[in-house]
Structures are given as C-alpha cells and as structure tokens.
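Reader: I'd like to go through some labels on this model and hear what backs each one. Can we put the structure up and start?

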Amino acid sequence: MKRLQYRHRGGPDVLEWAEVDEPTPGPKEIVVEVRAASVNPTDIKMRTGELGVANMFEPSPRGMGLDFAGVVRAVGPEVSTLVPGDAVTGLSAPRSRSFADLVKVKEGKVRRIPDGLGFAEASTLPMGAATGAKVVAKYLTPRHGQRGHRVAVLGAGGGIGLYAVQFARDAGALVTAVAGGPAADTLRSFGLDEVLDYRTQTLAGSGRRFDTVIDLSDRYMYRDVEAALSRKGCFRTMTPGPRHLGALVSKRRARPAFAIADTSGLDRAIESIVRKRLVTNVGATFAMGDAIDVLRDYEEGRIKAVGKVVLTRP
C-alpha cells in the first residue's frame with residue numbers, strides 16, 4: 001500500500017510517497033480503508049517540529065494525517081462492535097497515520113458514520129468538531145443558572161471555530177463570531193448572536209462586553225481584546241507562546257486554553273449531527289495522490305477555503 005511519510009523535519013519537500021506493507025490488526029484493532037482524511041494545522045506543526053516533544057518519539061519514517069473516514073477492511077479476533085464493511089471515522093495512531101491507503105487503529109478510537117453523512121464530511125469531525133466540542137465544554141458553556149453568558153470566538157472561520165460556535169450556541173451562550181470574508185457569510189447562517197468581520201470591525205467597537213474571549217487563530221494578543229472584556233471576563237488563547245507570556249504572567253484575566261480532541265468530543269459531534277444541530281464544513285476536496293502539492297499550497301496560503309481541506313480516495 002502507499003502512504004505519505006517523511007524522514008526528517010522540514011517543509012513539504014521532505015514528504016514522499018512510499019510503498020509499505022499493509023497493516024494487520026491486533027486482537028482489539030481494526031484496519032480501515034481510508035476514503036477521506038482532512039488536513040489540520042497540527043499535521044504541519046508535527047512535521048516541522050513546532051510541537052516540540054509532542055511527537056518526537058514517533059517511529060521514523062513518520063506518517064502524515066490525523067483524522068480519517070473510511071470502510072473497515074479487517075478486524076482483530078477480539079473486536080466485537082465492528083465488522084468489515086462498516087463506515088467509520090476516527091483519529092489515527094502514531095504508527096499508522098491517515099494519509100495512506102489503509103490505517104490501523106484500536107476499535108475504541110473510531111465511531112460509525114451516521115446515515116447520510118459522506119466520507120469527506122465525516123473526516124472533519126475527529127479533530128475539528130471534537131476539539132470544538134471540548135473547547136466549548138471547558139471554556140464557553142454557561143454555568144448552571146447563569147444567564148446572558150456572552151462569548152466571542154476569534155478565528156471562528158477555521159476548522160475548529162466553525163464547529164465551536166455551533167456547540168456554544170447550543171450550550172446557551174450568546175455567541176459573537178469573528179472571522180473575515182466568505183467565512184463571515186457562512187457563520188451568519190448559523191443563527192449566532194453576532195458575526196464580526198475582523199477586517200473592518202473590532203470587539204471593542206461592537207459595544208458589547210464579553211465573559212470569555214477565546215482566540216483560535218493565533219492572531220490576537222490580550223491588549224487587542226482587553227477593552228471588550230466584562231468586569232470578570234477572561235481572554236484565552238489556544239496557542240500560548242512567548243509573545244503571550246507577559247500577559248499570561250501579569251494579567252489576571254489572560255489565561256491559556258487547552259483542548260484535545262478525543263472520543264467523547266467525537267461522540268458529542270456525531271450526536272449533534274444526528275439531531276441536525278451541527279453543520280459540517282468541507283471547504284475544498286483534492287485527490288489523496290496530490291497530497292504533497294496540496295499541502296504545499298495549504299501552507300503557503302494559496303488554498304482559500306471556508307472550512308476543512310479534505311484529501312479523498314475513490
């Protein structure tokens with residue numbers, strides 16, 4: 001089978017397609033024929049080394065691709081919930097990444113795809129929607145009995161943001177989404193409290209004050225939103241780094257945010273799909289075989305898509 005891999009950290013030029021042995025499932029594992037796999041910024045950061053030690057110990061050569069959707073090809077002898085032919089979606093494991101013909105995962109790491117949902121759409125759920133669900137559960141859900149909880153999501157037009165605002169809306173928060181261009185138009189269809197185009201509008205200029213402002217875009221600093229916070233409001237960044245350190249140390253209302261996609265977030269996403277309370281967001285699809293060129297264009301900003309970029313196989 002073919003898989004996309006790299007032997008050294010670096011840009012798209014380190015990527016190569018390789019012929020490797022087909023995986024064999026262990027007792028509690030399944031092998032899935034990949035039909036779609038979405039592209040995530042984390043894919044790029046893992047390859048360039050921006051995540052530091054997070055994936056340092058993955059075996060080399062390292063594969064590419066985190067989430068996937070496809071059809072179960074084979075199951076291990078102790079697998080009890082799935083059979084060959086089932087359509088599933090999930091997160092890949094370090095030894096078997098998803099930009100490939102086949103991926104091997106533990107039985108409990110996948111979920112069946114709801115009826116009526118295509119493989120491309122399903123592949124956006126394990127990272128984008130599941131992380132969005134975790135963000136909302138940890139930071140954007142009103143406390144019991146709380147009314148008028150107002151939140152702002154910066155970078156709401158990204159792969160996580162497009163899902164997070166929908167979960168926050170359903171959790172009872174008053175949601176202001178901040179994005180630009182076509183993404184703002186998409187967000188307006190979600191029934192949110194307010195959508196701002198960051199190119200011409202600011203949170204402070206909206207006249208509202210927010211209990212939580214969360215930045216999913218790595219574009220904002222505490223000083224950019226301080227005037228828009230309520231008296232007890234808090235700014236949270238999903239990408240805390242050196243440039244945020246001063247505010248995180250000295251400002252009571254600046255905090256990091258951490259949310260990792262997992263199966264509980266995926267369960268919530270699928271439940272919302274079934275209830276027709278969640279709109280999936282596929283921005284563009286490309287053939288899996290063109291992945292190296294697609295990733296280069298993605299990194300260099302030449303792909304202008306609202307929602308996730310998805311690689312597909314027949």
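Reader: What makes strand S1 count as mostly covered?

Author: Keep in mind that this is a predicted model. Buried means under 20% relative accessible area, and four of the five residues of S1 (residues 2-6) are buried. That's what "mostly covered" rests on.

Reader: How do you know that S1 pairs with strand S2?

Author: Pairing takes at least two bridges between the strands. S1 and S2 (residues 15-19) have five, in the antiparallel sense, so they pass that cut-off. If you want a spot to look at, Leu4 stands opposite Trp17 in S2.

Reader: And what makes S1 and strand S4 a pair?

Author: The cut-off is at least two bridges, and S1 and S4 (residues 62-63) have two, again antiparallel. Therefore they count as paired. Here Tyr6 stands opposite Arg62 in S4.

Reader: Which order do the strands of the six-stranded open sheet follow?

Author: The order is S11-S10-S9-S12-S13-S14, with parallel pairing. Strand S11 (194-197) and strand S14 (254-256) have a single partner strand each, so one side of each has no neighbour in the sheet. That's what puts them at the edges. On average, neighbouring strands here are turned by 20 degrees against each other, direction ignored.

Reader: How many bridges join S9 to S10?

Author: Five bridges join S9 (residues 150-154) to S10 (residues 174-179), and the two run parallel. Within this pair, Leu154 stands opposite Val178 in S10.

Reader: Why is the contact between Arg7 and Glu16 called a salt bridge?

Author: The test is a side-chain nitrogen of Lys or Arg within 4 Å of a carboxyl oxygen of Asp or Glu. For Arg7 and Glu16 the closest N and O atoms are 3.1 Å apart, so the contact passes. A search of the whole structure finds 23 salt bridges.

Reader: Are those two buried, partly exposed or exposed, and how do you know?

Author: Partly exposed sits between the buried limit of 20% and the exposed limit of 50%. Arg7 has 47% relative accessibility and Glu16 has 28%, so both get that label.

Reader: Which parts does the pair of Asp262 and Lys134 tie together?

Author: The closest N and O atoms of Asp262 and Lys134 are 3.2 Å apart, which makes a salt bridge. Asp262 lies in the loop between S14 and helix H8 (263-274), and Lys134 in helix H3 (residues 125-140), so the pair ties together parts that are 128 residues apart in sequence. Both are partly exposed: Asp262 at 29% and Lys134 at 23%.

Reader: What about Arg188 and Asp185: where do they lie?

Author: Both are in helix H5 (residues 181-188), three residues apart, about one turn of the helix. Their side chains meet in a salt bridge at 2.9 Å, N to O. Exposed means over 50%, so Asp185 at 52% is exposed, while Arg188 at 46% is partly exposed.

Reader: What makes the phi of Asp218 worth flagging?

Author: Most residues other than glycine have a negative phi. Asp218 is not a glycine, yet its phi is positive, about 60 degrees. Asp218 is found in the loop between strand S12 (210-215) and helix H6 (222-225).

Reader: And why is Lys276 called exposed?

Author: The label needs over 50%, and Lys276 has 74%. Lys276 lies in the loop between H8 and strand S15 (282-287), and its phi is also positive, near 60 degrees.

Conventions
Residues numbered from 1 in each chain as written. Predicted model: local features only at pLDDT ≥ 70, side-chain atom pairs only at ≥ 80, totals over all residues. Heavy atoms only, no water. Buried < 20%, exposed > 50% of the residue type's maximum accessible area, 1.4 Å probe, protein only. Axes fitted to C-alpha atoms, helices over the stretch in contact; angles between N-to-C directions.
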